[in-house]
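Take a walk through this predicted model. Have the chain open and follow the residues as they are named.

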Amino acid sequence: MLLSSNSQFSRWTFFKHLTTRKLTTFCQHKSLVTLSQFGTLTSRQKDQIHLYVDALLQWNKRMNLTAVKEVNDVMERHVEDSLSILPPLSDFYRMHCGTSCDKLNLVDVGTGAGLPGVVLAIARPEWDVTLLESMNKRCVFLEHVISVIGSSNIQIVRGRAESLGQNPCFREQFDVAVARAVAEMRILAEYCLPLVRVGGLFIAAKGHDPEDEIKNAGSAIQKMGASLLQVCSVESQSPHGQRTAVICSKDRPTPLKYPRDPGTPAKEPL
């Protein structure tokens with residue numbers, strides 16, 4: 001289901017490189033993941049993933065969706081990388097939010113080709129997943145993907161995060177916001193946190209060493225009514241090596257002046 005922004009409707013492993021002077025706390029999961037997260041999916045879910053990957057590579061021949069051209073590379077760099085945030089997302093939601101994560105309302109901000117949102121929706125069919133994307137041609141692709149994989153728990157919204165964050169239908173309506181390969185943390189904070197309900201989580205998928213980026217984002221995270229909860233290294237099959245999940249908790253309502261007008265967060269980061 002494609003909706004425009006003006007519609008009215010409603011495991012990871014210990015990160016060893018850091019000193020005690022860091023602003024963030026790094027976590028270690030109770031058991032290290034050595035097997036592919038893809039291997040934990042059901043046969044139907046694996047089939048849906050393969051259908052998604054096939055569609056992605058076919059459409060990529062006529063529009064820019066990914067720089068990756070081979071099936072195995074898509075599986076490693078995109079699918080496994082997206083699945084790798086599920087353990088920290090689920091565990092920290094249960095621990096910090098105090099409720100079950102069996103039924104979540106999640107938004108993927110700047111989803112692009114549907115990463116990680118489509119993959120998460122397949123892996124967790126009990127979740128309601130909203131894919132937020134500003135480019136119409138990518139939304140058309142995502143509509144095609146939904147029809148191909150047969151998922152009923154995905155909604156596509158065409159619009160900018162800054163506009164949706166000021167729309168009462170979306171502002172502070174989501175349990176969790178995720179973002180992958182969209183922008184640096186201080187910009188992402190303004191894009192994502194206004195969409196998260198008080199008591200919810202924002203999770204940014206980052207590279208192996210986001211320390212400086214996190215430090216620079218401290219003020220922006222605080223201004224959005226949130227605080228940095230944890231930074232976790234996550235196991236990823238990606239050839240690019242270790243990945244990081246930056247987890248923020250929404251502690252209080254975001255001031256009404258945020259997010260600012262479209263384009264402003266990127267041009268004038270907090």
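Start with open space. The largest pocket has a volume of about 470 Å³. Which residues lie nearest the centre of the largest pocket? They are G110, T111, E133, R138 and V182, out of a lining of 21 residues. By character, the lining divides into nine nonpolar, six polar and six charged residues. Two elements to pick out are strand β4, residues 128-133, and helix α6, residues 161-164. Each supplies at least two residues of the lining.

Now turn to helix α2, which spans residues 71-83. Its buried residues are V74, M75, H78, V79, E80, D81, S82 and L83. What do these buried residues pack against? Three helices are on the list: α1 (43-59), α3 (86-97) and α4 (117-123). Two strands join them, β6 (174-180) and β9 (243-250).

S82 is a good residue to stop at. Is S82 buried or exposed? S82 counts as buried because its relative accessibility is 1%, and the cut-off for buried is under 20%. Set aside the neighbours within four places in sequence, and S82 is in contact with L115, P116, V119, L120 and R180.

Two of those contacts, L115 and P116, lead to a feature of the backbone. A cis peptide bond joins L115 and P116, with omega at about 10 degrees. P116 sits in the loop between β3 (105-109) and α4. So where the chain passes through this loop, look for the cis bond just ahead of P116. A second cis peptide bond joins Y258 and P259, with omega at about -5 degrees. P259 is in the loop between β9 and α9.

The loop between β9 and α9 (264-267) also holds R252. How exposed is R252? R252 has a relative accessible area of 32%, so it counts as partly exposed. Leave out residues up to four places away in sequence, and R252 touches V198, Q222, M224, G225 and A226. Look at A226 in particular. R252 and A226 are 26 residues apart along the chain, yet their C-alpha atoms are separated by 6.7 Å.

Strand β8 covers residues 226-234, and L229 is found there. L229 counts as partly exposed because its relative accessibility is 22%. Neighbours within four places in sequence aside, the contacts of L229 are F92, H96, L201, I247, C248 and S249. How far apart are L229 and K250 in space? The C-alpha to C-alpha distance is 9.5 Å, and 21 residues separate the two in sequence.

One more backbone stop is E172, in the loop between α6 and β6. Its phi is near 55 degrees, a positive value in a residue other than glycine.

Finish with the rings. Where does the charged end of R62 sit? It sits over the ring of W59, 4.3 Å from the ring centre. R124 and W127 give another case. Here the charged end of R124 sits over the ring of W127, 5.9 Å from its centre. As for rings paired with rings, the count comes to one aromatic pair.

Key: Residues numbered from 1 in each chain as written. Predicted model: local features only at pLDDT ≥ 70, side-chain atom pairs only at ≥ 80, totals over all residues. Heavy atoms only, no water. Phe/Tyr/Trp six-rings, centres within 6.5 Å; stacked < 30°, edge-to-face > 60°. Lys NZ or Arg CZ within 6 Å of the ring centre and 35° of its normal. 1 Å grid on protein atoms, 1.4 Å probe; cavity = no way out; pocket = protein on both sides within 12 Å on 5 of 7 lines; lining within 4 Å. Points joined across faces, edges and corners; volume = space filled by probe spheres on them. Helix = DSSP H or I, 4+ residues; strand = E, 2+ residues; numbered from the N terminus. Nonpolar A, V, L, I, M, F, W, Y, C, P; charged D, E, K, R; others polar. Buried < 20%, exposed > 50% of the residue type's maximum accessible area, 1.4 Å probe, protein only. Contact = heavy atoms within 4.5 Å.
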